[in-house]
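This report describes local features of one protein model. The sequence and the coordinates are shown first, and the description follows them.

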Amino acid sequence: MMLIKASISKAWKHQRLKEFKLYTAHQSNLSEIISTNIAISNYAKQSNLDVARQLFDQMPQRTVVSWNTMISSYSKHGRFSEALFLVYSMHRSHMKLSESTFSSVLSVCARLRCLRDGKLIHCLVLKSGSESFELVGSALLYFYASCFEIGEARRVFDVLVRRNEVLWSLMLVGYVTCNVMDDALSVFVKMPRRDVVAWTTLISGFSKNGDGCGKALEMFRLMMRSGETTPNEFTFDCVVRACGRLGILSEGRTVHGLLMKCGLEYDPSIGGALVEFYCECEAIDDALRVCKGVVNPCLNALNSLIEGLISMGRIEDAELVFNGMTEMNPVSYNLMIKGYAVGGQMDDSKRLFEKMPCRTIFSSNTMISVYSRNGEIDKALELFEETKNEKDPVTWNSMISGYIHSGQPEEALKLYITMHRLSIQQTRSTFSPLFHACSCLGSLQQGQLLHAHLIKTPFESNVYVGTSLIDMYSKCGSIMEAQTSFVSIFSPNVAAWTALINGHAYHGLGSEAISLFDRMIEQGLAPNGATFVGVLSACSRAGLVNEGMKIFHSMERCYSVTPTLKHYACVVDLLGRSGHIREAEEFIKKMPLEADGVVWGALLSACWFWMDLEVGERVAEKMFSFDPKPISSYVILSNIYAGLGRWREKMMVRKILRGFKVKKDPGCSWIELNNKIHVFSIEDRSHPYCNMIYATLEHLTANINSVVHFDHVSIPITQAVNFSTPSFN
């Protein structure tokens, strides 16, 4: 019995010793795993991810914490693909994914926009029953919202919202991110608690959408009235920018007052927003004052200030701001280069371009425009040749515009053909200058071909392009196609209406132009100075004196448009063409502005038309004071003398003209054949087919003159004789 007891006791002690050794070994391994996990985390915090991964790979045993530490480290440092690969390795090793694993990997999928991988992870979440955990549910919703799968995000929200209040804010952010603002507002209204982040998120969403800026301000006012929370610097930033986009100076100043009360006026971020706001509202002095008060204004704010100063023509002030910048980017240089060019300081533009430490394609595009404006088309072309292989559409558009500005519309059209052949992207800025080129050439066929290309793009309804198209068709003689182009514009603005009114003016359709003017007013659009020039010109060409004078007198009274010399010249032309020469002269004398050569020239032309020598001589004397070589005035005066048979006076004027040693440019005509313009002038023999053309002309002339006159009745011989005319291409 004693022997049995001793045997049992020995076996028990042996078992206990074995268990103790196993426990000790386990504790030792666990301690080593924990210390390795800590080391991995420390190396990752120091951005030594490769060392951390080496430690991870060398571990004989890993816990879920080991995997999560390495996955989250990759995720935090932006190495998302490696984090995702590690999760799949973890799953293949039969290690159970925890809530932290799911949260990290869903965040990675959101950053990578990997919808397929994220959905696979969602399946694993459902299998593990982890979706009810706050972190996992939040990560799921964030993932779907980031992938713009807002419907899936909403389904997650509807299932989990009762157990996870954090989802309210995430759902709101999701709708705002996807720009579904009606649903965002619906979620916001139902939120159990709305903090400053929720209010700011909604206001920010509305302010980023051009059509929603008014709603953003409405929500801000509601926030202030509700007293639920106090706006922070991010709220104010959104509101100030919304005021800027709407151009509401008064409300923006009110928000500025609130910022001053909160002590946020000179916060770098808010200060930058205020500078941009005042620039957008053209309150440039206020923008300068705010900028001077900010200790370190941000680069965007300074660039906005430079742009605002340049747009107001204050190039010297812009230069002072530019020279005072401690940091500059290519945008800063490009703005200043453009500013110098606008101010006519071409040499300064070139100097700054040469000085740029890092030129971009945008800098080259700007300089192509600068060289073109300065008449240095060869230098523009040289720069274009250096950059054209980047296939930036702005580069090609700049060169096309450069050719047109330099009076080479044919080269512009040739460059477009090359651009089209190379499949370089076309923009709205591609077509507008090209339609102008067709107007310069008077080439209706080229314009129609370009229009056919335009129809294949999204820009046909664009108001900017459509206005150029109206202008082209009007100047090329097709008012019907101009009207059709106007109808195609999605939302015609004042410029589009003005172009159509001008088109009717070119064609002498005064009543129709006035009708269009009235329709524009009915649409709620306010006419500008250019609109009045167009409609007054239309009245002048159609002889609608009463209507034209009525419109002129309504300018300042009804539309707050102050008449300029252009408008006064139109009225003088209107009165003069209609034979009211004395009234036109009196009108000039009563003008609040001093009449220039254009105004007096309109009256002198009317004197020639009506052969009014008395007023014509007085006007000519005025014209002589404007120009040391008033050639056109002498020519018109000479024609008046000739028309009245005053040959002695005519010869005296002609003698004066010969003294100027000026040669009159011959008039010319042109015809478009097979998409090519053929120009002709008197006794011109430069055309390659001139012999054939002159032979055909003589043949036609002979046929026209070959008529039989009998009892005052002309019978063309061509009715009896059949002949053929030579044809040529």
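The text below covers the main pocket, the aromatic and charged groups, and a few single residues.

The model is predicted, and local features are reported for residues with pLDDT of at least 70.

**Pocket**

The largest pocket has a volume of about 630 Å³. Its lining consists of 21 residues, and those closest to the centre of the pocket are Lys338, Asn365, Thr366, Ser369 and Ser398. Four helices each contribute at least two residues to this lining: H19 (330-342), H21 (361-373), H23 (393-405) and H25 (428-441). Sorted by class, the lining of the largest pocket comprises 11 polar, eight nonpolar and two charged residues.

**Aromatic rings and charges**

Two numbers are enough to characterise a pair of aromatic rings: the distance of the centres and the angle of the planes. The structure contains 19 aromatic pairs. One of them joins Phe143 and Tyr144, with 4.7 Å centre to centre and 50 degrees between the planes. This pair is classed as tilted because its angle is neither under 30 degrees nor over 60. Phe143 and Tyr144 are both buried. Elsewhere, Tyr416, Phe431 and Phe435 make up one aromatic cluster.

Arginine side chains also meet aromatic rings. The charged end of Arg194 lies over the ring of Phe188, at 4.7 Å from the ring centre. In the case of Arg428, the charged end sits over the ring of Tyr464, 4.5 Å from its centre.

**Positive phi values**

Most residues other than glycine have a negative phi. Which value does phi of Phe148 take? For Phe148, phi is near 60 degrees, a positive value in a residue that is not glycine. Phe148 belongs to the loop between helix H7 (134-146) and helix H8 (150-160). With a relative accessible area of 45%, Phe148 is partly exposed.

Met611 has a positive phi too, near 50 degrees, and is likewise a residue other than glycine. Its place is the loop between H35 and helix H36 (613-624). Met611 counts as partly exposed because its relative accessibility is 29%.

**Residues in helices**

Three residues located in helices are listed here with their relative accessibility.

| Residue | Helix | Relative accessibility |
|---|---|---|
| Gly597 | H35 (residues 597-610) | 26%, partly exposed |
| His256 | H14 (residues 249-262) | 3%, buried |
| Asn300 | H17 (residues 299-311) | 51%, exposed |

Gly597 is in helix H35. In sequence, Gly597 and Phe624 are 27 residues apart, while their C-alpha atoms are 9.2 Å apart in space. With neighbours within four places in sequence left aside, Gly597 is in contact with Met623 and Phe626.

Is His256 buried or exposed? His256 counts as buried because its relative accessibility is 3%, which is under the 20% limit for that class. Beyond its neighbours within four places in sequence, His256 is in contact with Glu265, Leu274, Tyr278, Arg289 and Val290.

Asn300 counts as exposed because its relative accessibility of 51% is over the 50% limit for that class. Between Asn300 and Ala273 the separation is 27 residues in sequence and 9.1 Å in space, C-alpha to C-alpha.

Technical notes: Residues numbered from 1 in each chain as written. Predicted model: local features only at pLDDT ≥ 70, side-chain atom pairs only at ≥ 80, totals over all residues. Heavy atoms only, no water. 1 Å grid on protein atoms, 1.4 Å probe; cavity = no way out; pocket = protein on both sides within 12 Å on 5 of 7 lines; lining within 4 Å. Points joined across faces, edges and corners; volume = space filled by probe spheres on them. Nonpolar A, V, L, I, M, F, W, Y, C, P; charged D, E, K, R; others polar. Phe/Tyr/Trp six-rings, centres within 6.5 Å; stacked < 30°, edge-to-face > 60°. Buried < 20%, exposed > 50% of the residue type's maximum accessible area, 1.4 Å probe, protein only. Lys NZ or Arg CZ within 6 Å of the ring centre and 35° of its normal. Contact = heavy atoms within 4.5 Å.
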